[in-house]
Amino acid sequence: MNARHALLALTCATLSTSALAQPSSPSDNLDRRPPPDAATMRLSFAPIVRRVAPAVVNVYSRRVVRQQVDPFWSLFSGGYPRDRVQQSLGSGAIVRADGVILTNHHNIADAQEVRVATADRREWPATVLLDDPRADLAVLRIDTKGERLPTIAIDDASRPEVGDLVLAIGSALARSDVGINDYAFFIQTDAAINPGNSGGPLVDMEGHLIGVNTAIVSSSGASAGIGFAIPAAMAKQVVDAALSGDHRVSRPWLGARGQAITDEMAHSFGMDRPEGVVVTDVWPGGPAARAGISRGDVILTVDGEPVNDGAGLTYRVATSHMGDVVAVAVRRAGQVRTVSLHVERPPETPPADPRTLAGRNPLAGATVVNVSPASAQQYGADPFSSQGVLVTQAGGGAQMIGVQPGDFIREVNGQKIATTADLVAALETSGRGWIIVIQRAGQVITARFGA
């Protein structure tokens, strides 16, 4: 391994405002004071870096992909598909001394081999304990043979505020295709986070991990001075699930969805300014319904933390602990009241019943599941607006006709599809052809196929 691979990229930055990352309320006991004089400003952050840097690692991954040959050039090369090795590089943080490492999902996505280089230039093969694409987080383990490695503590109880100083640490080399998670709730900094820092820790002045560097705003691949980090509460949840032996993260579920209050909506609700999230749908029998929350209510806070958009509301509930009771401030008919919401797992009703479709039909090669709040959470679907069964993988003939993961199969030859069993039966009984209705991203597509 080249020695420069172990270099660290360090950025001192301040937290800044964002439409995605809402500043939390100053309700903790931290002594936040500006530097009293110029001499204090010249003090060094080196002691923090010395303490944290040994726990920062490089994460390498590689995968072999089959590359199709262009039909024209195939006349000269024989037309055989060729294998090509794709490599990526990111960063990570050692969060447990026996070799447990936190990084980004996009650093190891579809990898056939993952390796980790520690700060002392040693290289280790790594296994993936848990990969969570929706949060863009992954947990790795390296076999230390009993050796105790330096670690960084995850501070999932931290309440960072706009103006706090933070350090973004990661690898000094570049990678591309930085991803964003499905929960759309980030800590925004003005750190000059460059590609290659993905998965590295964002630390506070105590040297604790308060976020995982994940994305930058850039049109060229270089930092534009705006970076995003996944908050520590989400990261801790993924690490805990991995260490419990879970293969996926089951997050608490609200059982409702909503949209941000606009200025015009605020006036119609008799509010002096836009705040909160208006509830547009409530799942019957879900946590929100049992707490007495109804359509048209405006949710203002969750456990005292303000929520100003749907993503913020989802995040506040999703990062609670199963079995907790959270206080939700709700505005209805001009009155604000607080209700108790019992945090629980999303129900798997009906059961997923996954099926991989086969036979002589256009959907052969697709894997489908029944839609429930649990399966919708797992695959990033919307249980409120979905109809039919959910496509989780598309291969074979289904992929060739353009079926995509996330599609809903609603009808086959006029027959409504409510379960995976319905779909299998409908495909088996078709005669001369198929008329298939698919729902994709809110649009309904009708396609006809011959037998």
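The points below comment on a predicted model of a protein, moving from its confidence and overall make-up to an aromatic cluster and a buried strand.

1. Confidence of the model. The mean pLDDT of the protein is 83, and 78% of the residues reach 70 or more. Two stretches call for caution: over residues 1-7 the pLDDT stays under 50, although the model has 16 contacts for them beyond four places in sequence, and over residues 172-180 the pLDDT is likewise below 50, with 28 contacts in the model beyond near neighbours in sequence. Where pLDDT is low, predicted coordinates should not be read in detail.

2. Overall make-up. The protein contains 11 helices and 25 strands, and of its 451 residues 46% are buried. Among contacts with a separation of 6 or more, 64% are between residues 24 or more positions apart. The accessible surface comes to about 21,900 Å², and carbon and sulfur atoms account for 51% of that area.

3. Aromatic pairs. How many aromatic pairs does a search of the whole structure find? The search returns two. A pair of aromatic rings is described by the distance of the centres and the angle of the planes. For Trp 253 and Trp 283, the ring centres are 6.1 Å apart and the planes stand at 75°, so this pair is edge-to-face. The pair links distant parts of the chain, 30 residues apart: Trp 253 belongs to the loop between helix H5 (232-243) and strand E13 (256-260), while Trp 283 belongs to the loop between strand E14 (277-282) and helix H7 (287-290).

4. The second pair and the cluster. Trp 283 also forms an edge-to-face pair with Phe 384, at 5.6 Å centre to centre and with 80° between the planes. This pair, too, links distant parts of the chain, since Phe 384 lies in the loop between helix H9 (373-379) and strand E21 (389-394), 101 residues apart from Trp 283 in the loop between E14 and H7. Trp 253, Trp 283 and Phe 384 thus form one aromatic cluster.

5. Exposure within the cluster. Is Trp 253 buried or exposed? Trp 253 has a relative accessible area of 10% and is buried, because the cut-off for a buried residue is under 20%. Trp 283, with a relative accessible area of 23%, is partly exposed, and Phe 384 counts as partly exposed at 22% relative accessibility.

6. Strand E22. Five of the five residues of strand E22 (residues 408-412) are buried, so the strand is largely enclosed by the rest of the structure. Which strands does E22 pair with in the antiparallel sense? Two bridges join E22 to E21, and these strands run antiparallel; Val 389 stands opposite Ile 409 in E22. With strand E24 (residues 433-440), E22 pairs in the antiparallel sense over four bridges, and Ile 436 in E24 is the bridge partner of Val 412.

7. The hairpin after E22. E22 also pairs with strand E23 (residues 415-416), again in the antiparallel sense, over two bridges, and here Val 412 stands opposite Gln 415 in E23. The hairpin of E22 and E23 has two residues between the strands, and in it Asn 413 takes a positive phi near 50°. Val 412 therefore deserves a look from both sides when the model is inspected, as its bridge partners include Ile 436 in E24 and its opposite residue in E23 is Gln 415.

How values were computed: Residues are numbered from 1 along each chain as its sequence is written. This is a predicted model: local features need pLDDT of at least 70, side-chain atom pairs count only at pLDDT 80 or more; totals for chains, interfaces and linings use all residues. Side-chain values use heavy atoms; hydrogens and water are left out. Buried means under 20% relative accessible area, exposed over 50%, partly exposed in between (1.4 Å probe, protein chains only). Contact means heavy atoms within 4.5 Å. Accessible areas come from the Shrake-Rupley method with a 1.4 Å probe; for residues, only the protein chains shown count as cover. Rings of Phe, Tyr and Trp (its six-membered ring) pair if their centres lie within 6.5 Å; planes under 30 degrees apart count as stacked, over 60 as edge-to-face and the rest as tilted. pLDDT is the predictor's confidence in each residue, from 0 to 100. Two strands pair if DSSP finds at least two bridges between them.
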